[in-house]
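Trainee: I am new to this structure and should like to understand its helices. May I put some questions?

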Amino acid sequence: MSVVDSVLAHIPQRYRELAIRHRELLKFGIVGGITFLIDTGIFYALKLTVLSPKPVTSKVIAVLVATLFSYVLNREWSFRTRGGRQRHSEATLYFVISGIGVGLYSAPLWVSRYLLHLQTPYTSRFVEEIADFTAAQIVGLLLGMAFRWWAFRKWVFPTEQSHEQAPERDHARIS
């Protein structure tokens, strides 16, 4: 029995059907959770050390590294039954859309820091940290995630597959 089957066996039937119906979204969310941890760890490691005067640069680097992991996990797990493009075209679209996502992820932090001046010396270090976390890790994350979910499904991993361009993929229900 697979891990997914084990988890599904513990979910009440009503919610199990919902989980199966929205499996791509759930997988995308799990990948997002993993890459959120990668992004947050790198962001704070850079922001609190070598790039302390440059929080937006720290955020951009963190998002770029998390995006690399995200592509592999989304391609091989979340959207593995979708596609139809050659890998290089798919990867190019993925990273172009993710580049737009970087802007969406970073924009709230830029607004917080440079338009609202929620940074020292204009505010306390504690307020600065709360504002940075809220802007970068919550608002930016939600904006970027909503955009990427929509754009990936529409352009990067479309539902129609061209059998001339893509090899046959596994069509398992959940795993």
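The questions below concern annotated spans, one helix pair and one bent helix.

Mentor: This is a predicted model, in which local features need pLDDT of at least 70, side-chain atom pairs count only at pLDDT 80 or more, and totals for chains, interfaces and linings use all residues. Residues are numbered from 1 along each chain as its sequence is written, and side-chain values use heavy atoms, with hydrogens and water left out.

Trainee: Which residues does the UniProt annotation "transmembrane region" cover?

Mentor: The annotation comes from an unreviewed UniProt entry; such annotations may be inferred rather than shown by experiment, and positions follow the numbering used here, with feature names shortened. The residues covered are 25–44, 56–73, 93–110 and 130–151.

Trainee: At what angle do helix H3 and helix H4 pack?

Mentor: Helices (DSSP runs of H or I, at least four residues) are numbered from the N terminus. H3 spans residues 23–47 and H4 residues 55–78, with their axes (lines fitted to C-alpha atoms over the stretch in contact) 8 Å apart. On a scale from 0 to 180 degrees between N-to-C directions, the angle is about 150 degrees.

Trainee: Why is H3 roughly antiparallel to H4?

Mentor: Angles over 145 degrees count as roughly antiparallel. H3 is therefore roughly antiparallel to H4 because they pack at about 150 degrees.

Trainee: Where does H5 bend?

Mentor: H5 covers residues 87–115. Its bend (the angle between axes fitted to the seven residues ending at a residue and the seven starting there) is about 35 degrees. Pro108 follows within four residues of the bend, which lies at Ser106.

Terms used
Helices (H or I, at least four residues) and strands (E, at least two) are DSSP runs, numbered from the N terminus. Angles under 35 degrees count as roughly parallel, over 145 as roughly antiparallel, 65 to 115 as roughly perpendicular and the rest as oblique. The expected span of a helix is 1.5 Å times one less than its number of residues.
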